[in-house]
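Grab a pencil and your favourite viewer. Here are a few exercises to work through together.

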Amino acid sequence: MHTLRPFAAAFILCGAIVVAASARQEPAKEPLAAVPSPSSAPDARSPRNANYEIDARLDDDAKSIRGRETIRWRNITDQGTSELQFHLYWNAWRDQESTWLRERRMAGLFRPPPADAWSSMDVTALRLRDSSGEMRDGTKAMRFIAPDDGNTQDRTVMSMPLGRTVGPNQEVEIELEWTAKIPRPFARTGWVGDYYFIAQWFPKLGVLESQGWNTHQFHAATEFFSDFGVYDVRLTLPRGFVVGASGRQTARTDNPDRTTTHRYQGEDIHDFAWTASPSFIDLSQRFEHPTLPPVVVRLLLQPERRGQADRYFAIINATLKRYGEWFGAYPYPNLTVVDPAFQSDSDGMEYPTLVTGRSRWLTPGSSQTPEGTTAHEVGHQWWYAMVATNEFEHAWMDEGFNTYATARVLAEAVNPNRVESRYFGTFIPWSFRDIPFTRVDNDRLPGYRLNAEADAPWTPTFRYWPSTAAIITYNKTALWLHTLEQRLGWPTMQKIFSTYFERWKFKHPKPADFFDVVREVTGRAHYWFFDEVYRSSNTFDYGVQEFRTEQRDDKTFTTTVVVRRYGEATFPVDVVTTFEDGQRAKETWNGQERRAVYVYERPARAVTVQVDPDHVLLLDVAYTNNSRSLKPRGGEASLKWSLKWMVWLQDLMLTYGFFV
Amino acid sequence: MGSLSSQTPVSGLESARRAWRDGWQRVLDAPAVAAGVFAMTLLLALPLAILLQDALASHLGSSLAAETAATGVNYDWWQEFTAQATGLGTTFSPSVIGFAAVLENVSGVLDGRTPIAPIATALALYMTGWAFLSGGIIDRYARQRPIRTHGFFAASGVYFFRFLRLAAFAGLVYWWLFAYVHPWLFDEQFANLTRNLSVERTAVLIRLIFYAVFGALLVATNLVADYAKVRIVVEDRRSAFSALSASVRFIRHHGRHVVALYVLNTLTFLVALAVWGLIAPGAGGTGLSMWAGFLLAQLFIVGRLALKLQFIASQTALFQANLAHAGYAAARVPVWPESPAAEAIR
């Protein structure tokens with residue numbers, strides 16, 4: 001990093017001059033510091049082909065942002081392009097006809113927001129540096145496009161003709177000015193009270209691929225895809241706000257107009273988000289590990305959750321440690337974790353070097369709040385921030401991978417870890433000491449079970465049915481990865497993921513790239529498995545159809561086992577029959593046909609049979625039918641639980657007895 | 001017993017304390033009443049529990065999942081069961097375990113959750129049962145002497161239709177509270193007040209205030225209905241409307257006594273809940289420990305029923321102490337087979 005110091009010094013100097021000269025409400029008009037192409041930096045981890053210098057000012061009263069940005073973009077494909085495409089995310093909440101809101105309505109997840117909740121993003125000026133080095137106004141050439149659904153009322157993607165072709169490895173410089181109305185929380189962005197969480201907030205380039213621009217509209221179930229670069233961002237806010245942002249803070253200047261300009265810089269990141277509140281408790285700890293680079297962890301905590309700081313730091317450190325050991329080092333020097341404000345809807349989000357956790361004011365020590373979400377979002381630094389898949393099309397590759405890895409962290413690092421319910425408007429928690437959270441729960445089998453056939457994962461994610469998209473993206477992927485782990489063993493899985501991480505960090509891998517790594521590491525392609533879990537929406541359900549044991553004349557016993565594939569998807573499973581004398585018969589059924597029949601002649605009668613006794617196939621949507629016992633205890637169990645339930649009902653009757 | 005006197009002026013708290021003590025005495029003197037309402041609570045819940053047991057047993061079949069479900073909690077099976085459950089099965093959640101049941105139920109009422117149809121039917125039957133028995137219960141507590149089974153049920157029958165008319169008034173108020181006041185408070189006003197809140201603690205405080213306000217409205221309605229019932233029985237009032245207005249008059253003139261007694265009874269109830277919170281059994285296993293846990297839970301139910309009876313008995317005692325005298329009831333002991341139908345056509 002030391003080779004960047006001269007440039008950084010130039011940045012800071014120019015920044016100070018700009019700030020000193022701009023004691024006014026307008027964003028600074030002075031040219032931003034000239035930056036040589038950062039991709040030439042020898043320590044660049046990524047292509048750094050989309051570099052942003054942003055100068056933005058928050059109007060706290062009007063809940064708006066005015067900004068100016070200079071983008072230096074380099075074409076890293078082998079094809080030329082004559083246009084640029086930008087995401088204008090906040091226009092998704094401009095009116096009810098955006099694609100985002102149409103999809104929310106379609107999913108039954110839409111409630112009309114209050115009148116002041118809407119947002120907008122208007123590009124007010126766009127200039128291109130032409131071949132002569134002069135800036136040319138391109139404002140009038142901008143137009144909205146809807147590449148995904150043709151929705152002419154959607155304004156989340158903007159196209160800008162360049163008037164020339166930018167060839168491979170050529171660079172273009174653009175200046176934009178924009179104004180944006182900040183929404184009340186919509187999809188984890190917005191303001192509530194004095195708290196701001198500002199994400200997807202600036203006009204951001206799509207990704208040019210060999211096939212053309214990959215700039216999807218903002219959809220209800222997908223969010224990100226952008227190129228890596230260097231971000232140099234100046235945020236001017238009223239004085240007194242504590243600010244957290246992607247990258248690291250390099251300067252803070254108090255201005256004469258009672259504002260403060262916060263400067264953040266980040267290298268090899270592909271997005272930039274920030275948060276601000278005067279109420280944050282600003283805490284820091286240093287993560288240290290014998291073999292991993294140190295990380296300064298900054299926690300911006302809500303005052304009402306002051307007592308949860310240790311829990312936050314513990315899970316952040318546990319995640320940095322385990323992901324670092326398992327997959328590869330977290331290379332950035334810092335990480336900011338935001339404890340989001342109540343009702344901000346900004347919980348559980350990931351941005352490069354900045355994530356939000358999730359917690360409640362009252363949370364039992366044995367629950368997974370704030371640990372669960374925090375581990376997940378920190379984990380996204382690997383599966384999203386560094387291995388930057390196209391989340392519009394293959395969201396399972398970051399959310400699913402990360403859900404699986406998070407479940408591993410939680411299983412190891414959170415103890416006790418129990419199921420909780422919340423009562424009285426969800427404000428009052430109750431932890432069930434009898435019900436531990438297991439890997440299966442964290443891998444989210446219950447949600448998947450209900451929607452297993454909703455979509456096949458190969459479908460581009462933005463085309464998933466909106467209300468069940470998360471089930472397929474998160475749950476199914478985590479479950480099939482867990483299943484693969486049970487089959488291959490954790491050391492192999494760990495090698496798969498560390499190889500994949502090492503090969504694809506700071507790049508944009510596609511599904512085939514992951515499958516190739518699996519083949520490379522295991523020596524087998526596992527096509528049959530990926531055909532089932534990735535290319536199909538079939539469900540897995542194996543079970544015992546028949547189980548009987550009969551005594552023969554010669555005092556031996558004939559045991560008949562019929563196991564069945566009830567679902568359409570196939571997977572090899574073990575079938576284990578246990579006999580009274582303690583002997584076990586284990587069969588491996590390829591699971592292809594509808595049934596398999598096993599007959600045993602043994603000196604002892606059989607007592608139990610189990611299909612997939614080790615629960616390798618975590619995707620099995622009905623595991624109860626996987627076993628049978630000839631000494632069943634269903635009666636006892638059902639009696640016990642119906643008595644519990646009866647007491648609950650009696651108590652309910654007495655509660656209603658208040659009214660008479 | 002019978003120590004209260006309307007002749008000696010006493011403070012609200014002292015009067016309430018005496019009524020509270022006297023109420024307990026009356027409850028303890030009539031164990032058959034407690035046994036009867038316990039039997040009703042048990043017998044109404046039992047058929048539904050049997051239905052649920054059938055559903056659970058059917059889903060478990062002879063699966064080995066039953067092993068862990070029997071010895072503790074098999075949460076994977078539990079979630080699989082609820083995923084396919086309909087009707088009663090949908091109410092089988094972890095909240096049935098231990099003290100969570102109390103939280104779930106109180107929270108359900110205060111949050112205005114509507115029970116599913118089979119549960120709502122059972123609740124309606126249960127409340128009707130209470131409406132029927134209340135006449136006999138108050139009559140027994142008012143007289144402070146055994147009236148035997150026939151006297152008890154005759155009194156229940158005599159007062160049942162009066163209580164039904166009273167319930168129509170009270171029900172109308174409760175309906176208005178839940179249909180209009182509750183959504184206005186908890187949906188509209190809570191949303192408005194917390195709209196710009198970024199601090200959950202403040203939202204909790206507002207919610208608690210709203211619970212207190214709504215709870216106070218429920219309690220006020222409850223008090224008026226309770227003393228109306230007492231006045232119907234003790235003074236042999238025929239008109240539910242006049243009993244209601246008499247109840248309001250009594251509460252207005254003896255407000256401190258009434259409130260102090262209600263507070264004492266409520267505190268007793270909260271102490272009982274706290275004790276239950278400490279000793280409520282968890283999932284447990286089967287066999288002896290299961291039955292021991294069930295027995296303990298039934299003792300809690302009996303305790304709650306005794307507390308409900310204590311509300312009735314102590315309110316009766318308080319009324320008698322202030323406007324009548326201990327053991328006073330205007331009507332003669334109803335004689336079997338005087339039926340509710342006969343009363344209805346008078």
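Three exercises follow, each with its solution.

A word on the model: it is predicted, local features need pLDDT of at least 70, side-chain atom pairs count only at pLDDT 80 or more, and totals for chains, interfaces and linings use all residues. Residues are numbered from 1 along each chain as its sequence is written, while chains are lettered from A and ligands numbered from 1 in the order in which they are written.

**Exercise 1.** Compare the radius of gyration of chain A with that of a compact globule.

*Solution.* Start with the rule, 2.2 Å times the number of residues to the power 0.38, with the radius taken over C-alpha atoms. For 660 residues this gives a value near 26 Å, and chain A has 28 Å, so the two agree. Next, check burial: 51% of the residues count as buried (20 or more other C-beta atoms, placed from the backbone, within 10 Å of the residue's own).

**Exercise 2.** Find the edges of the sheet that contains β10 and β18 of chain A.

*Solution.* First write the order, β9-β10-β18-β15, an open antiparallel sheet; strands are DSSP E runs of at least two residues, numbered from the N terminus, and pairing takes at least two DSSP bridges. β9 (190–192) and β15 (242–245) each have a single partner strand, so they stand at the edges. Then look inside: three bridges join β10 to β18, and Ile198(A) stands opposite Trp274(A).

**Exercise 3.** How many residues does each chain bring to the contact?

*Solution.* Chain A brings 66 and chain B 74, where contact means C-beta atoms, placed from the backbone, within 7 Å. On the side of chain A, α13(A) gives the most, with 23 residues; helices are DSSP H or I runs of at least four residues.

Technical notes: Contact = placed C-beta atoms within 7 Å. Buried ≥ 20, exposed ≤ 12 C-beta atoms within 10 Å, placed from the backbone.
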